[in-house]
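Please open the structure in your viewer and keep the selection tool at hand. The tour proceeds by selections, each followed by a short account of what is there.

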Amino acid sequence: MTVAENIHPHRGDTSGCVPIAEHGLIGDLRTAALVDTGGTIDWYCPARFDAPSVFASILDTDRGGAFRLTPEVPARTKQFYFPDTNILITRFFADDGVAEVQDFMPIVDDSREADRHRLIRRVLCVRGSLPFTARVAPRFDYARQSHTVRTAEGLTVFASPELSLALTSSVTTEIDGPDAVASFKLVEGEAAVFALDRIGGAVQPRSCPLAEAEQLFDATVRYWRRWLSQSRYRGRWREMVHRSALTLKLLTYAPTGAIVAAPTTSLPEQIGGERNWDYRYVWIRDAAFCIYALLRLGFTQEAEAFVRFLSEDICLKSGPGGPLQIMYGIDGRSDIPEEILSHLRGHLGSSPVRVGNAAVDQLQLDIYGALVDSLYLYDKWGRPLASDHWDTVCELVGWVCDNWDRPDMSVWETRAGPGRFLYSRLMCWVAIERAMRIARHRGLPADMPRWSRARDDIYRRIMRSGWSPRRRAFVQREGEEVLDASVLMMPLAKFISPTDPKWLSTLDALGEELVSDSLVYRYDPTVSPDGLRGEEGTFSICSFWYVEALSRAGRVDEARLAFEKMLTYANHVGLYAEEIGRTGEQIGNFPQAFTHLSLISAAFNLDRALG
């Protein structure tokens with residue numbers, strides 16, 4: 001594993017917000033934290049992904065709260081992952097020495113210790129000497145709750161009405177208002193440890209001496225390497241594929257098997273714009289695509305856990321919105337009210353900051369195709385579906401047969417009103433077609449005549465009403481001539497041959513209108529208004545879909561070049577946000593499951609095409 005290609009200046013100045021891309025991610029399969037290239041943890045929600053934050057300076061440098069651990073002297077920094085793990089190392093290069101901070105969260109099986117959610121920061125001086133400053137400044141409940149600070153038996157305890165954190169340190173810390181601070185100097189061979197625990201109930205404060213921190217470091221290395229060793233990928237882009245797999249694993253919530261779309265909220269799709277959303281929930285679509293990507297690599301346990309989440313934690317309902325919601329909480333809850341936190345400025349002044357997501361009530365028909373396709377692949381590559389699961393599939397497919405022609409909000413969940421989107425029809429076709437495959441393969445009972453009629457009706461409708469003779473392309477919605485990158489899924493879902501003349505013409509049209517140096521826009525909001533102001537960047541999942549469509553169409557050299565270009569847009573540790581801005585910056589929630597799962601799929605299929 002190589003270190004960061006870019007060298008970033010030391011960021012002791014806290015007045016400015018660090019760009020989205022200048023972060024790595026750590027986690028314990030229950031929650032996650034962002035660590036910037038200057039050694040600051042500026043996003044962390046203790047206990048679970050969707051809990052209120054205690055560190056959120058990425059959304060407001062003054063009010064959000066942070067855990068800063070930086071040299072007191074100017075230093076260059078480099079950041080990388082300890083090879084084949086999710087342990088993040090930030091190195092500092094100063095005139096008088098070199099030191100590094102190792103950030104990680106131990107993966108603990110014992111339920112009581114798992115509730116501790118320990119966040120460990122080891123500081124090691126490897127050459128010369130360096131003075132350090134630490135400031136632990138939690139701001140509870142998205143900086144809405146005050147807290148007290150006290151020292152007890154060598155610990156510093158931060159207590160709010162609903163949550164308490166305990167800081168233990170191998171160096172002396174002092175209370176400074178609502179914060180804890182420490183100044184210390186390390187010489188070559190010396191180390192210091194900070195550990196932050198969530199305490200309460202059965203979890204009591206406990207120190208973390210240097211020896212224990214080293215043991216937990218070694219155990220965490222073993223966990224991640226043991227998990228990654230299950231991968232069957234041996235292709236050309238092993239390092240990037242495995243980093244994406246490790247990132248997807250970090251986005252899983254171990255207690256239920258849920259997979260979040262991203263570990264962050266309100267990181268903007270346009271700096272200064274309003275396209276800021278909370279992605280710390282389980283989108284059926286995103287999670288189903290994740291299962292496809294992980295199954296491709298040989299990770300079956302995650303698929304089993306997600307199927308268990310679907311069957312045990314989600315309740316199907318009857319009503320005009322259909323049996324499934326588009327998203328759920330990580331515990332399966334269906335209520336995710338959206339709220340604006342007006343006291344936070346937002347990343348680089350991009351407001352509003354939102355928690356919750358009002359899109360939960362949208363009708364998005366495509367989720368049924370994504371889900372049934374993932375169950376089809378689980379049945380094929382994992383374990384045969386249980387009889388109860390098949391009953392649920394039959395119920396879902398029956399509903400799709402009756403409702404596929406309804407207007408909906410589709411995959412991009414715009415807020416401009418429903419329409420008859422091609423992508424929604426396509427994925428309804430996928431839902432029925434994959435269910436028919438399972439039934440035929442396993443000899444399971446199914447209403448084949450009804451399913452077959454609905455499948456064929458959808459196919460004919462798309463070929464007749466989704467095709468624009470004038471544009472010589474498949475289009476976003478019936479009766480319009482707007483292009484949309486979501487149609488790239490047509491050959492990927494095996495709806496149309498990747499070399500069909502209509503498809504090749506569509507691919508050319510998309511390349512001319514929506515592609516910019518391998519980067520793909522979802523659609524043009526000026527000709528297809530989405531109910532929101534401002535612009536957005538290119539959508540990275542679409543860019544990887546484009547790579548896959550090119551490779552399947554036989555344009556392998558173009559596909560490989562586009563893929564290699566996309567790899568240059570990753571950040572210094574191989575992570576991607578949702579979108580890429582005009583000058584190559586990462587924008588949107590970070591890191592984004594959608595992007596990493598599509599990278600895996602594109603790499604897998606491009607490897608196969610290259611032979």
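Select F299 first: its relative accessible area is 0%, so F299 counts as buried. The model in which this residue is viewed is a predicted one.

Next, add W227 to the selection. Is W227 buried or exposed? With a relative accessibility of 5%, W227 counts as buried, because the cut-off for buried is under 20%.

**Two aromatic pairs**

A pair of aromatic rings is described by how far apart the centres are and by the angle between the planes. The count of aromatic pairs comes to 26. Select F104 and F217: the ring centres are 5.6 Å apart and the planes stand at 80 degrees, so this pair is edge-to-face. F104 belongs to strand β8 (residues 97-104) and F217 to helix α3 (residues 210-228), and the pair links distant parts of the chain, 113 residues apart. Both F104 and F217 are buried.

Return now to W227 and F299, which form a stacked aromatic pair, with 4.1 Å centre to centre and 10 degrees between the planes. W227 lies in helix α3, whereas F299 lies in the loop between α5 (284-297) and α6 (301-312), so the pair ties together parts that are 72 residues apart in sequence.

**A cluster of rings, and charges over rings**

Select Y44, F55, F67, F92, F132, F184 and F194 together; ring pairs link these residues into a cluster. Then select R243 and Y81: R243 lies over the face of Y81, at 3.9 Å from the ring centre. A further example is R522, which lies over the face of F539 at 4.3 Å from the ring centre.

**Strand β3 and its neighbours**

Select residues 32-36, which make up strand β3; 5 of its 5 residues are buried. In a regular strand, side chains alternate between the two faces of the sheet. Here A32, L34 and D36 point one way from β3, while A33 and V35 point the other way.

Add strand β2 (residues 23-27), which pairs with β3 in the antiparallel sense over 5 bridges. Which residue of β3 is the bridge partner of I26? The partner is A33. The hairpin of β2 and β3 has 4 residues between the strands, and L29 in this hairpin takes a positive phi near 70 degrees.

On adding strand β4 (residues 40-44), one finds an antiparallel pairing with β3 over 3 bridges. V35 stands opposite I41 of β4. In the hairpin of β3 and β4, with 3 residues between the strands, G39 has a positive phi near 95 degrees.

**Strand β12 between its partners**

Select residues 164-169, strand β12, in which 6 of 6 residues are buried. S164, A166 and T168 point one way from β12, and L165, L167 and S169 the other. Strand β11 (residues 155-159) pairs with β12 in the antiparallel sense over 5 bridges, and the two form a hairpin with 4 residues between them. Strand β15 (residues 191-199) also runs antiparallel to β12, joined to it by 6 bridges. L167 is a useful residue to centre on: L167 is the bridge partner of T156, and its bridge partner in β15 is L196.

**Helix α13**

Finally, select residues 540-552, helix α13. At 1.5 Å a residue, its 13 residues should span 18 Å, and the end C-alpha atoms are 19 Å apart, which agrees. In α13, 12 of 13 residues are buried, among them F544, W545 and Y546. After the helix comes G554, with a positive phi near 90 degrees.

Conventions: Residues numbered from 1 in each chain as written. Heavy atoms only, no water. Buried < 20%, exposed > 50% of the residue type's maximum accessible area, 1.4 Å probe, protein only. Pairing = 2+ DSSP bridges. Expected span 1.5 Å × (residues − 1). Phe/Tyr/Trp six-rings, centres within 6.5 Å; stacked < 30°, edge-to-face > 60°. Lys NZ or Arg CZ within 6 Å of the ring centre and 35° of its normal.
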